[in-house]
Number of protein chains: 6
Amino acid sequence: MPIVEAHILEGYSPEEKLRLTAALTNAIRLVVPASDEAVTVMLHEMAPENYARGGTSRSPAPANPDPKQVALAYLDAMEARDIDAAEAMLATGFRMTFPGTKPMSSISELIDWAKHRYRFVKKTNETVEAFYEGDCSVVYISGTLSGEWPNGEAFAGIRFIDRFEIKGEKLISQDVWNDIAEERQK
Amino acid sequence: MPIVEAHILEGYSPEEKLRLTAALTNAIRLVVPASDEAVTVMLHEMAPENYARGGTSRSPAPANPDPKQVALAYLDAMEARDIDAAEAMLATGFRMTFPGTKPMSSISELIDWAKHRYRFVKKTNETVEAFYEGDCSVVYISGTLSGEWPNGEAFAGIRFIDRFEIKGEKLISQDVWNDIAEERQK
Amino acid sequence: MPIVEAHILEGYSPEEKLRLTAALTNAIRLVVPASDEAVTVMLHEMAPENYARGGTSRSPAPANPDPKQVALAYLDAMEARDIDAAEAMLATGFRMTFPGTKPMSSISELIDWAKHRYRFVKKTNETVEAFYEGDCSVVYISGTLSGEWPNGEAFAGIRFIDRFEIKGEKLISQDVWNDIAEERQK
Amino acid sequence: MPIVEAHILEGYSPEEKLRLTAALTNAIRLVVPASDEAVTVMLHEMAPENYARGGTSRSPAPANPDPKQVALAYLDAMEARDIDAAEAMLATGFRMTFPGTKPMSSISELIDWAKHRYRFVKKTNETVEAFYEGDCSVVYISGTLSGEWPNGEAFAGIRFIDRFEIKGEKLISQDVWNDIAEERQK
Amino acid sequence: MPIVEAHILEGYSPEEKLRLTAALTNAIRLVVPASDEAVTVMLHEMAPENYARGGTSRSPAPANPDPKQVALAYLDAMEARDIDAAEAMLATGFRMTFPGTKPMSSISELIDWAKHRYRFVKKTNETVEAFYEGDCSVVYISGTLSGEWPNGEAFAGIRFIDRFEIKGEKLISQDVWNDIAEERQK
Amino acid sequence: MPIVEAHILEGYSPEEKLRLTAALTNAIRLVVPASDEAVTVMLHEMAPENYARGGTSRSPAPANPDPKQVALAYLDAMEARDIDAAEAMLATGFRMTFPGTKPMSSISELIDWAKHRYRFVKKTNETVEAFYEGDCSVVYISGTLSGEWPNGEAFAGIRFIDRFEIKGEKLISQDVWNDIAEERQK
């Protein structure tokens, strides 16, 4: 039954409000075992002049971009080997860990490490999930890898999962797990 | 600034309401870049007799258990080799995948497979995250593994991540990734 | 979808709140073609000290009795020939009209008129409906009459409808239509 | 004192909202003995994109036509002997009962029956009342009949009442009571 | 923490809504020791057709002018010796008291009295405060007086305070206290 | 028409809620020319566990004492020459100004100054007004003084006004104006 009302400043796009609606519905369902149909969400938009905190009106901050899209755009840039675009998405202090690596902080480190592992790799995404916890968005993307080993042999269907922490349009971290070593030792 | 009001039937415990409050706060922050302090949540509890849909009063469904606790209890039972307790937590149709395995559906399958891999393994959890998407809760637990190889040698600090799908008190699926093969091939 | 919230002073009984809930649901459905299930009603009860008009707190007025019950109690008293009880339910200025009568204002007038029509009559109610319009409640009761003609012959299945105007526990008017004459002329 | 707030999707006309406001005011007054002035109704209209059930936005259904107008239009068509227009307003399964008749389902049956009763009849309406109960609107119209008996003599001032069940623009049933037989037997 | 929501008819200007927002914030803080930042005010504006009392829609009354501005405009007119403008601002029954005077009701009385006290006087305002109590707005203005004594000597820095009662655009009363006599007797 | 809803934490006393209700009613009336009767205030009290900002529940701060009572208690203590009680009510940094004085900061300074002015003085209060502005409550008390001049002669009916700034239970400032000098020079 839960009915959720959110009072927000006006100015968010239909797509942003849809994301908000979905997130609030999921928040309820995490705790209350209502069917999806039983959760009603109402967004009440307010003109800035009709809202005040401490007697002062406020303007709406631009919405966060969809963190799923941010993570996917980064993976696309990496797959397209558009290193500049990918680098531009990294927050100061960015840190990434791949199977068997120490934490790395730049894409060039990653490329150095990866070139001994495969000629190229492509991701086929099966799940893309996002939520907010602590003080950033977290995105999980899992699916399978395909590509070529250094010797030119093809591989496919190798499970992977990536975890991203994202603030605004920037990646704070990327953690990657996959079954490449499992596959190689067969 | 967002202010969220949720109308719920009375009967949820303080702990359940705290989880709900936190989930709604996170839902807002996924989309609106408000600081944590700027998100206000009000829960309005209603006596069943004061709420009607279609002219009929409703009783509150018991809250979902905290899916983080469900996943952790399962991992505890596995670590304690309390197979009965762990089996009791599996939903009909449960399915699990470990590095290099086909999907398995019973704990005995898992034990068969694992006994060639290590004598025992312990998890040190670093992140435990839960959210709701689709029609179940999803829990991610990541951290490091320690234990003994079949030859009795100790290992530690091997990264892992588990993904659980949970409905109520039952696990629907478990997917595991880790760096064991990576470590073994060194 | 409509969601109705009514803020009322606390103190109404569950039965009274159920009537209120039903009336609000029906009010919505008179205009909005929502299914019954799609209309949500929330009653918000307030302690008198939390409500003020013109800076003054208010006490809740006792609810109106269910006008259907008032009308039915009157008909029961009449059928049981408990004239005192029936008279006690008539408002000052009460007025009633039966088929072929002038407006009458007392039960003795009615008895005089009726004794030439039948020895006794019983009502089998099929519909009992109530709503509020103008400044009183209106109740319609329809069904069939059975009884004995003055000559002792039995009759049954004769259609009737009564319309009552009711304020609080008192009847303001009763208007009766039925097929007795229709039946007699056969 | 009651304050009623209804959250509806935007798109209803001022006339429709006025009907809704009146119905909600009457609903309150059926139970709470507030003066008309003491009942406040606020309609909160929502853009479809700001309302979601189960995470999905909804469009407002067109309002029900005013059932009083539907019933009156039917009586006008009958009085004007516009049989096609009247037939077009009958729902599948329509059923009507007049004094002394079996249930009839078509207007031609009614005309056959009525031609022995009067040359023509006109209704002067005194009360027109509508409410919603069960799963349709109910309209009561009462007043007096005038017309000519089969022998050409005029009559007037004969009490009648009609009860209609209405869904959308269609009549589900019509039940009629009046004092014609009463009058004839004098 | 208090969150205040005010439902008002639409049509008030941003400046009027800002005054309302500030007044509601101050009202809360008079009782609840929240910091200014912790008081949130939301104004919900309603189209007249969406608000009904007793089933009747209402139009918004024009806002009261800012009583501070009314009082200041009166003092400006007096200082500019624009007697007509000042007179036009006095309500029927206006009454004023100055140090040592009986209540006076016209500006000419005031001028007669004042001419023995100083050649002219100017006000330097330090505080201008307004609130509502009883059935009118009250404005307090305090600061210092400067001007010339009847003998042409200058004076300055003499404390004063004026209290005004104001309804709409009219002054109901003015009460003045100051240290002129204190200063003269030195 | 305005309807004001304030969401507050539960725990305030009926007297405190009455003050809040009155203050909110006055706040509306400062701007909207509604009659007192037309302003409805609803206080919604929340259990601390049902309210969260930034995901953290809050406890209600104790209400401010009524600043009118604080000011009157101070004047009572002064009139009763209970210097200790009066001193205990002064905030650090307290400042007071009387007719013809420099700002003083202690009650002993005041007593020194006053002893040349009168043997004793009593206040008859006519208006006591309080509101909140800036970051403290302001109280105005006006009326008339009576007492004895140093020579033992009685006086009465001398106008005065006191302005207090108050935070919690402490006075921040007192400013006094009166007609004593006016009276003495007669």
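In this predicted model, the histidine A:H7 has B:I3 as its bridge partner in strand β1 of chain B. That pairing belongs to a longer arrangement, in which strand β1 (residues 3–9) of chain A and strand β1 (residues 3–9) of chain B run antiparallel and are joined by five bridges. The points below begin with these two chains, continue with salt bridges in several parts of the structure, and end with pairs of chains that have few contacts or none.

**Where chain A meets chain B**

- On the side of chain A, 64 residues are in contact with chain B, and on the side of chain B, 65 residues are in contact with chain A.
- The two chains bury about 5600 Å² between them, and 58% of this area is on carbon and sulfur atoms.
- Within chain A, the residues that lose the most area to chain B are A:M1, A:L30 and A:W177, which together make up 14% of what that side buries.
- Between chain A and chain B there are 23 residue pairs in polar contact, counting pairs in which both residues have a pLDDT of 80 or more.
- Helix α1 (residues 14–31) of chain A gives the most to the side that touches chain B, contributing 11 residues.
- When the residues on this side of chain A are sorted by type, 37 are nonpolar, 10 are polar and 17 are charged.

**Salt bridges between chain A and chain B**

- Side chains of opposite charge can pair when their charged atoms come close.
- Chain A and chain B are linked by six salt bridges, while the structure over all chains holds 90.
- In one salt bridge, the side chain of B:R117 meets that of A:E182, with a distance of 2.4 Å from N to O.
- In another salt bridge, B:K68 pairs with A:E133, and the closest N and O atoms are 3.6 Å apart.
- This pair joins two chains, because B:K68 lies in helix α2 (residues 67–79) of chain B and A:E133 lies in strand β6 (residues 120–133) of chain A.
- Are the two partners buried, partly exposed or exposed? B:K68 is partly exposed, with a relative accessible area of 23%, and A:E133 is also partly exposed, with a relative accessible area of 23%.

**A salt bridge inside chain C**

- The side chains of C:R19 and C:E15 meet in a salt bridge, with 2.9 Å from N to O.
- Both residues lie in helix α1 (residues 14–31) of chain C, where they are four residues apart, which is about one turn of the helix.
- C:R19 has a relative accessibility of 15% and so counts as buried, because the cut-off for buried is under 20%.
- C:E15, with a relative accessible area of 41%, is partly exposed.

**A salt bridge between chain E and chain F, and a network**

- The side chain of E:E182 meets that of F:R117 in a salt bridge, with 2.3 Å from N to O.
- The pair crosses between chains, from helix α5 (residues 180–184) of chain E, which holds E:E182, to the loop between α4 (107–114) and β6 (120–133) of chain F, which holds F:R117.
- E:E182 counts as buried at 9% relative accessibility, and F:R117 counts as buried at 11%.
- Elsewhere, salt bridges that share partners join A:K17, A:E45 and D:E49 into one network.

**Chain D with chain F, and chains without contact**

- Four residues of chain D are in contact with four residues of chain F.
- About 320 Å² is buried between chain D and chain F, and carbon and sulfur atoms give 83% of this area.
- In chain D, the residues D:I3, D:E5 and D:M42 lose the most area to chain F, together accounting for 81% of what that side buries.
- The count of salt bridges between chain D and chain F is zero, and the count of residue pairs in polar contact, with both at pLDDT 80 or more, is also zero.
- The elements of chain D that give two or more residues to the side touching chain F are β1 (3–9) and β2 (40–46).
- By type, the residues on this side of chain D divide into two nonpolar, one polar and one charged.
- No contact joins chain B and chain D, whose closest C-alpha atoms are 11 Å apart, and no contact joins chain A and chain F, whose closest C-alpha atoms also lie 11 Å apart.

How values were computed
Residues numbered from 1 in each chain as written. Chains lettered and ligands numbered in written order. Predicted model: local features only at pLDDT ≥ 70, side-chain atom pairs only at ≥ 80, totals over all residues. Heavy atoms only, no water. Contact = heavy atoms within 4.5 Å. Buried area = accessible area lost by both parts, 1.4 Å probe. Salt bridge = Lys/Arg side-chain N within 4 Å of Asp/Glu carboxyl O. Polar contact = N/O pair within 3.5 Å; in protein donor to acceptor, adjacent residues only side chain to side chain. Nonpolar A, V, L, I, M, F, W, Y, C, P; charged D, E, K, R; others polar. Pairing = 2+ DSSP bridges. Buried < 20%, exposed > 50% of the residue type's maximum accessible area, 1.4 Å probe, protein only.
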